[in-house]
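Subject: The structure I promised you

Hi there,

Here is the structure I said I would pass on, with the sequence alongside. Have a look at it first, and then read on for what turned up.

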Amino acid sequence: AQALDLSADGTRLAVMSVANTGAWYDTSSGARRWSQRCDGNGQAVKIIGDSVVLGFHDGCSGVTGVDATINRISDGARDPSFNPVFNLFWGVRAMDGNASVLVTAGSMTSVSGVPVGGFAIFPSA
């Protein structure tokens with residue numbers, strides 16, 4: 001695993017792997033509940049509310065530059081309204097946030113055409 005985040009109650013674990021996959025696990029059984037495969041290695045993960053934010057490089061679903069997704073915890077469904085495009089290959093390396101803000105850091109000088117200096121701030125993830 002490249003990155004991990006544990007739910008507040010300790011019952012679930014979000015994992016990003018070098019196998020291009022983000023996944024959601026039950027900590028009591030180790031069972032994987034869902035996963036999402038993207039085009040580049042997983043590098044960052046953050047649980048925010050009822051969502052998991054996944055960070056990676058090289059794009060997702062064949063769209064180069066989309067290096068972060070928001071997935072619903074219950075079933076892994078992607079939020080289609082969150083599609084930031086990072087301009088450099090290595091994309092998202094770290095992230096943090098809460099119910100009000102998501103911050104991503106990594107190799108980027110612009111996100112969706114907006115100049116940034118290695119990190120981007122998104123309101124309410």
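Let me begin with the aromatic rings: the count comes to two aromatic pairs. In one of them, Phe-82 and Phe-122 have ring centres 5.4 Å apart and planes at 70 degrees, so this pair is edge-to-face; the angle is over the 60 degrees needed for that label. Phe-82 sits in the loop between strand 7 and strand 8, while Phe-122 belongs to strand 12, so the pair ties together parts that are 40 residues apart in sequence. Phe-82 is buried, at 12% relative accessible area, and Phe-122 is buried as well, at 15%. The cut-off behind that word is under 20%.

The other pair is Phe-89 with Trp-90, whose ring centres are 4.7 Å apart and whose planes stand at 80 degrees, so it too is edge-to-face. Here the surroundings are more open to view: Phe-89 is partly exposed, with a relative accessible area of 41%, and Trp-90 is partly exposed with 41%.

Please keep in mind that this is a predicted model.

Now the overall picture. The protein has zero helices and twelve strands, and along the sequence the pattern is simply β-β-β-β-β-β-β-β-β-β-β-β. Its radius of gyration is 13 Å, close to the 14 Å that the globule rule gives for 125 residues, so the protein is as compact as a globular protein of that length. Along the principal axes, the C-alpha atoms fill a box of roughly 45 × 30 × 25 Å. Of the 125 residues, 45% are buried. Among contacts with a separation of 6 or more, 29% come from residues 24 or more positions apart.

Next, the interior. Which residues have the most contacts inside the largest nonpolar core? They are Phe-86, Leu-102 and Phe-122, in a core of 14 residues. Strand 5 (42-48), strand 7, strand 8 (91-97) and strand 12 (119-123) are the elements that give two or more residues to this core. Apart from it lies another core, this one of 13 residues, including Cys-38, Phe-56, Cys-60 and Ile-73. Phe-122, then, appears both in the aromatic pair with Phe-82 and among the residues with the most contacts in the largest core. Leaving aside residues up to four places away in sequence, Phe-86 touches Gly-65, Asp-67, Ala-68, Val-92, Thr-104, Met-108, Ser-110, Val-111 and Phe-122.

Thr-69 is worth a stop on your tour. This residue is found in strand 7, which covers residues 68-72. Is Thr-69 buried or exposed? At 1% relative accessibility, Thr-69 counts as buried, because the limit is under 20%. The Thr-69 side chain makes a polar contact with the side chain of Gln-36, at 3.0 Å, and another with the side chain of Asn-71, at 2.9 Å. Not counting residues up to four places away in sequence, Thr-69 touches Gln-36, Val-52, Val-53, Leu-54, Phe-56, Cys-60, Arg-78 and Phe-82. Two of those names have come up already: Phe-56 and Cys-60 are listed in the core of 13 residues.

At the start of the chain, strand 1 (residues 3-6) shows a neat alternation. Ala-3 and Asp-5 point to one face and are buried, whereas Leu-4 and Leu-6 point to the other and are not. In a regular strand, side chains alternate between the two faces of the sheet. Strand 1 runs antiparallel to strand 2 (residues 12-16), and four bridges join them. The bridge partner of Ala-3 in strand 2 is Met-16. Five residues lie between the strands of this hairpin, where Gly-10 takes a positive phi near 80 degrees.

Finally, where do positive phi values turn up in residues other than glycine? One is Asp-58, with phi near 80 degrees, and another is Ser-61, with phi near 55 degrees. Asp-58 is found in the loop between strand 6 (51-56) and strand 7, and Ser-61 is found in the loop between strand 6 and strand 7 too. At 30% relative accessibility Asp-58 counts as partly exposed, whereas Ser-61, at 56%, counts as exposed.

Enjoy exploring, and all the best!

Notes: Residues numbered from 1 in each chain as written. Heavy atoms only, no water. Buried < 20%, exposed > 50% of the residue type's maximum accessible area, 1.4 Å probe, protein only. Polar contact = N/O pair within 3.5 Å; in protein donor to acceptor, adjacent residues only side chain to side chain. Contact = heavy atoms within 4.5 Å. Core = buried A, V, L, I, M, F, W, Y, C linked by side-chain atoms within 4.5 Å. Phe/Tyr/Trp six-rings, centres within 6.5 Å; stacked < 30°, edge-to-face > 60°. Pairing = 2+ DSSP bridges. Rg over C-alpha atoms; globule rule 2.2 N^0.38 Å.
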